[in-house]
Structures are given as structure tokens and as C-alpha cells.
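Subject: Structure handover

Hi,

Here is the structure I promised to pass on. Please open it alongside this email, and my notes follow below.

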Amino acid sequence: MVENEILRTGIYLRVSTEEQAKEGFSINAQKEKLTSYANINDWEIYDFYIDDGISGKNITDRPSVNRLIEDVKSGKVNNVLIYKLDRLTRSVKDLINLIELFEEHNCSFNSVTEKLDTSNAVGRMFIKIIGIFAEFERENLAERVSFGYEQKTREGNYTNTNGVNGYDYIVGTGELVVNEVEKDIVNRIFDLYLEGTSMLKIAKKFNQEQVPTKRGGYWSQATIKSILTNPLYIGKIRYGVGKKNQNKAFNVDGTQETIIDEDKFYKTQQVMERRKHFNNKKYPSERAYFTTALRCHKCGAKFHSKMSKKENCDTYYITYYCNNKQLSRCDCCGISHIKVLNEFEKYIENITLEPLKEIKPKKNNAKKQENILKELEKLEVKRKNLQSLFISEKITSSDYQDMIKIIEDKRQFLNNTLKDIKEPLEEEININDIQDIITNIKKNWDYLDTNERNNFITQFIKKIDLDVIDGKAIIKEISFI
């Protein structure tokens, strides 16, 4: 809730016929108490929402609580006031849902009897407890949904409603129908791969030819691999592949029409297994220490690195490539590690600390701020105590208004004082940190080994904005963590 925003308060009241007879606490009695509570807090009463003679066991059968919910959603009400939690609902599940709805729509929630107010520590603690119940309920729901998907799959049903390349998912029936255009694309992918074209080159080729994807995006190596390994095309349905509990993964016979011949599919799996042994030799990744930070100035994508090493030689040759370049989505050229390193060292050497030194640190008023905050907490306790005394009719309305005025005046004075002395401590610390980082790197960079440079880049540098022009590395900006 934004500070000083007018609280348009919806007051909800409910009593069942049995409770009226047993407790004798009528709607009018609740209304009087809640109206007084709203007035002493200077809240604007938007409307009263009254369910008279109705049980609190559910929400659906109560017209006034549903009208309140709609007014919260539309923004007409941004503060809900009740006398007691069980007036709103006796269901923990409904209470969880209502509080989450209030929070989603930036609506405060207050209960007079339980002293529930989301602006204080007790109220916030209560919300956290409600959150624990909500998380427990969501986890139970997730388990039930997961079990449902697993069971449907075992029965031969496809459960991914987004569909997959080669098929259209029919909402309602859950049926997979062959998409003739996508069927030809899937077959072409298998044929190209068996002819010797790599997954990356297939993706690049399709992007160049502007072959449409299922959802209008770009082709990638991961997309090609998911198609080549999906048994859906030979009439199977898989479940649990790629999840944490791989022991639960399984394939079952589905009801969909096949797209790929079984011989072609299993031959593809064999070729993929053989090609694993012909992957590029892995070299120590810390040698390409700029990889984690480099970003393409043209398209914003990350860079990846490729390494090679001559036989009987300790020299590594490293080249950085924009990820989008390989997929024909960017025209940024590759650049060698040596050129990036030289540009990086030149950039760091030319950074001047003078603009940072001109920012004068302010006097540290942390102790004074701490004392003012303690005073404000004491005033809040006094205000709550006064409210309790008034609600319990131990002081008159006139006395309450006089005392609350004194407290509010002092609170306003302390808040103004606090605003005047506040200092941007975080900004100052960041400036000092950057000074230390730059000074440190200027002095010690030449003495750091490969592993130490890799650790430094990972720990202190968020992004290196790199452009490649006519074979030259141009660093536009370095952002520090």
C-alpha cells in the first residue's frame, strides 16, 4: 500500500442465525464497533458488506462477500476491515485464497478482535503463517497434478497442451492430429541428420530459410535435438525425461498417428550415440575467462568460446562467438581471445577514478537514524494501546482523539527529521567498491594466473559489452557487480 494513499475501506459483517441466538452479538453491534475503528484511523468507509443469517462455512453462497471481492479486484476497495476472522470465513483454504487475493490487488486487511493489521509486525507474522499454509496447499496440489499427469500418460494420453512439432493438440479431447506441413519439416530434420548435417547446422539452415517453428520463434540446436529424440513420432509417449527423478521416466504406447518410420528413428539414435565420441576435445574452461561476461553489443546475446591446441604445443587458441551468430540471427563476427584481452587491458587502464573521487561522502548519521526509528516504534505501541482502550470502552472518544493527536504530531516531526538526515549509504559503498576493484585490477592484473583471472571476472564483472568491427574488438562498457 502506497504511503498516504486514501484507504477506501470495505467493512464486512456476518452473523448466522444460530450465532445471533447464542452470542447475542448482532450485525448492528458489529457495525457500530467497526465504524468507530475506521473513524479513529481516518479511513474512508466505501461500503458495508453484510451477510446476515448466513453460515461462514464457504464463500460461494454469500453474495456480499463476493461483491466485496469484485470491488477489491476493480480497485474500488483497497482496505478490508472485519470484526473477527471467522466472520470472513471458517475455512483455512478460503482464508488463504482471500489474503492472497488482497495482496495481489494491493489491498490491506485488518481484523479488530485479533488485532490483525498488515502494517505491523504481528500482522505481517500472521501473513507469513498464512503463506506457510498456502505453500503447503500448493505443494499438495502440485503432487496431485503430477500424479494425474503420470496416470494419464500411462493410459496412453498426451498431456502437453502446448503441442509439439508435427502435431496439433485438440483442446477438450486431448487428441493429437498430424499437422501435414510440420510433418514434412520433422521428416526433413531426420533426413538431414542422417545425411551427416549437425543439429546446429540444421538449426542455422532453417533460420536462413525462414522455416516456421511451432510457436513462431527461432530454431536452435536444443529444439532439433528434442525432435530427434522424441519417440512421439513412432507412436510412443514419454514421461519424466529430463526431470530429477529419472527412475520414474517411462515410455508407453500412444494413440496418435506415427510420423517417422521406426527404423529411421532408431537409426538416428544410434548415429547420435556414435557422434558423442567425435565431439571437440574439452579444454580447461577457465582459459576462456571472458566467456561468462561477454555480451554482444549488436543483439545482446551471450558469447561462447571454442578452443584448439596444436600437437606438442602448450599454446591454446581461443575464439569467442556470439550465440546468435551461429543461428544466423546476428552478423557479429568471431574474435580471438588475445584481441579481447588486449582491448580489456586497454579499457581498464584508461578508466579514471577522478569522477568517483568528486563524490563527497556524507556524515554518517546511522546512530541518529536508529534512535529515531526506536522512538517511532514506541509511538506505534502507544497508538495501538490507545485503540485497544477505546475499543474496550475504557476511554472516551474525546480523550482518544486528543491523545492520538499528540502522538501523530510527534510522529510527523520524527519522520520529517528522519527524511532530512537520511544518506545514500548503499550508493557510497558501491562507489568505494568500484574504486577498490579498479585500483586492484590495475595493480595486479599482470600478476594473476589464468585461474585467478577467471575467478576475478566471475566475481566482480557483470557484463562486458563487446562489438566486433573490421576484425577488431571494441569494448563499449564494463559493468561491475
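The notes below cover a sheet and its helices, a pair of parallel strands, and the aromatic rings. Please keep in mind that this is a predicted model.

**The open sheet**

Start with β10, β14 and β15. These three strands form an open sheet in the order β10-β14-β15, with mixed pairing. Its edge strands are β10 (294-296) and β15 (472-480), each pairing on one side only. From one strand to the next, the twist averages 35°.

β14 covers residues 461-469 and pairs with β15 in the antiparallel sense, over eight bridges. To find the register, look at Lys463: its bridge partner in β15 is Ser479.

Two helices lie across these strands. Helix α12 (residues 337-350) lies across β10, β14 and β15, and runs at about 50° to β15. Helix α17 (residues 450-460) lies across β14 and β15, at about 105° to β14.

**A ring pair that starts in α12**

Now look at Phe344 and Trp445. Their ring centres are 5.0 Å apart and their planes are at 50°, so the pair counts as tilted. Phe344 is in helix α12, while Trp445 is in the loop between α16 (425-444) and α17. The two are 101 residues apart, so this pair links distant parts of the chain. Buried or exposed? Phe344 is buried, with a relative accessible area of 1%. Trp445 also counts as buried, at 5% relative accessibility.

**Around β4**

Strand β3 (residues 79-82) pairs with β4 in the parallel sense, over four bridges. Asn79 stands opposite Ser108 in β4.

Strand β4 (residues 108-111) is covered on both faces. Ser108 and Asn110 are buried on one side, Phe109 and Ser111 on the other. In a regular strand, side chains alternate between the two faces of the sheet.

Helix α5 (residues 92-104) holds Ile99. At 5% relative accessibility, Ile99 counts as buried. Its C-alpha atom is 7.7 Å from that of Phe109, and the two residues are 10 apart along the chain.

Phe109 also pairs with Phe102: the ring centres are 5.4 Å apart and the planes are at 40°, so this pair is tilted. Both Phe102 and Phe109 are buried.

**Other rings**

The structure holds 12 aromatic pairs. One aromatic cluster is formed by Tyr167, Phe190, Tyr233, Phe265 and Tyr266.

Two lysines are worth a look as well. Lys31 lies over the face of Phe48, 4.5 Å from the ring centre. The charged end of Lys306 sits over the ring of Tyr321, 5.5 Å from its centre.

Best wishes

Notes. Residues numbered from 1 in each chain as written. Predicted model: local features only at pLDDT ≥ 70, side-chain atom pairs only at ≥ 80, totals over all residues. Heavy atoms only, no water. Pairing = 2+ DSSP bridges. Axes fitted to C-alpha atoms, helices over the stretch in contact; angles between N-to-C directions. Contact = heavy atoms within 4.5 Å. Buried < 20%, exposed > 50% of the residue type's maximum accessible area, 1.4 Å probe, protein only. Phe/Tyr/Trp six-rings, centres within 6.5 Å; stacked < 30°, edge-to-face > 60°. Lys NZ or Arg CZ within 6 Å of the ring centre and 35° of its normal.
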